[in-house]
Structure formats: structure tokens, C-alpha cells
Amino acid sequence: MSKLLVVGTTAVECAATPFDEGFNAVAVNFTDAAINLTGSDTQGGTYTAVATVPTAGMVEIAALPKWIKASAASVYIIE
């Protein structure tokens, strides 16, 4: 059974299996615009680019960061 992590503009901690730091996952975007995902080692740290999820599309994330957030709306990360 797949699991789901909803990521919005507020940072979410990736700290539990199957969404632990360093794990692979797929990000899905159901909106009508591309959404950028950024990640950091700490909640208040500097966020750097992780992936751009295309309009109504999906992308694989090779290694989840400790903290992740989206540039807009909601992105669904599935395992």
C-alpha cells in the first residue's frame, strides 16, 4: 500500500519511513502550474532546489532532504 505526504509552502519534516531523509519518492502535482520543491537540513536553514514538478505531472526525487517545502499550493509525495 502506498503512503502519502502532503507538502505545501510550510516546511515538512521528512523523518519517518517511508519518507525519511535520503529515501527516494515521487512528487505529484495536480495544479495548472509547475511547482518548485526546495529542501534543507534544518527547518530554519537555507533551502535549495530539490526538483521542479511540472504542471499536472510527476517527478522522482532521488533523495528526500530532512525538511522540504513547495513554492505554491500542494504537492503530493508518494512512496
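This passage describes the strands, ring contacts, surface patch and backbone features of a predicted model.

Strand pairing is considered before the side chains. Strands of a sheet pair through backbone hydrogen bonds, in either a parallel or an antiparallel sense. In the model, an open sheet of 4 strands has the order 2-7-4-5, and its pairing is antiparallel. Its edge strands are strand 2 (12–13) and strand 5 (48–53), each of which pairs on one side only. Strand 2 is joined to strand 7 (residues 67–70) by 2 bridges, and these two strands run antiparallel. Within this pairing, Val12 has Ile68 in strand 7 as its bridge partner.

A further pairing is found between strand 1 and strand 8, which are antiparallel over 4 bridges. Here the bridge partner of Val6 is Tyr76, a residue of strand 8. Strand 1 (residues 4–7) has two unlike faces: Leu5 and Val7 make up the covered face, whereas Leu4 and Val6 make up the uncovered one. The two residues of the uncovered face, Leu4 and Val6, also contribute to a nonpolar surface patch of about 240 Å², together with Ile78. Ile78 belongs to strand 8, the strand with which strand 1 pairs. The relative accessible area of Ile78 is 33%, so this residue is classed as partly exposed. The patch thus draws on residues of the uncovered face of strand 1 and on a residue of strand 8.

Tyr76, the bridge partner of Val6, also takes part in a ring contact. The structure holds 1 aromatic pair. It is formed by Phe30 and Tyr76, whose ring centres lie 5.8 Å apart; the planes of the rings meet at 55°, so the pair is tilted. An angle over 60 degrees would have counted as edge-to-face, and one under 30 degrees as stacked. Phe30 is located in the loop between strand 3 (25–28) and strand 4 (35–40), while Tyr76 is in strand 8 (residues 75–78), so the pair ties together parts that are 46 residues apart in sequence. The two partners fall into separate accessibility classes. Phe30 is exposed, at a relative accessible area of 65%, whereas Tyr76 is partly exposed, at 28%.

Another contact with a ring involves a charged side chain. The charged end of Lys69 sits over the ring of Tyr47, at 4.3 Å from the ring centre. Lys69 falls within the residue range of strand 7 (residues 67–70), a strand of the open sheet with order 2-7-4-5.

Several loops carry backbone features of note. The peptide bond joining Thr17 and Pro18 is cis, with omega of about 10°. Pro18 is in the loop between strand 2 and strand 3. In the loop between strand 5 and strand 6 (58–61) is Ala56, for which phi is positive, near 45°, although the residue is not a glycine. Ala56 has a relative accessibility of 61% and therefore counts as exposed. A positive phi of about 45° is also found for Ala73, again not a glycine. Ala73 is placed in the loop between strand 7 and strand 8. With a relative accessible area of 46%, Ala73 is partly exposed, since the exposed class requires over 50%.

Technical notes. Residues numbered from 1 in each chain as written. Predicted model: local features only at pLDDT ≥ 70, side-chain atom pairs only at ≥ 80, totals over all residues. Heavy atoms only, no water. Phe/Tyr/Trp six-rings, centres within 6.5 Å; stacked < 30°, edge-to-face > 60°. Buried < 20%, exposed > 50% of the residue type's maximum accessible area, 1.4 Å probe, protein only. Lys NZ or Arg CZ within 6 Å of the ring centre and 35° of its normal. Patch = residues over 30% accessible without salt bridge, like charges linked within 9 Å, V, L, I, M, F, W, Y side chains within 5 Å. Areas by Shrake-Rupley, 256 points an atom, 1.4 Å probe, with all protein chains shown as cover. Salt bridge = Lys/Arg side-chain N within 4 Å of Asp/Glu carboxyl O. Pairing = 2+ DSSP bridges.
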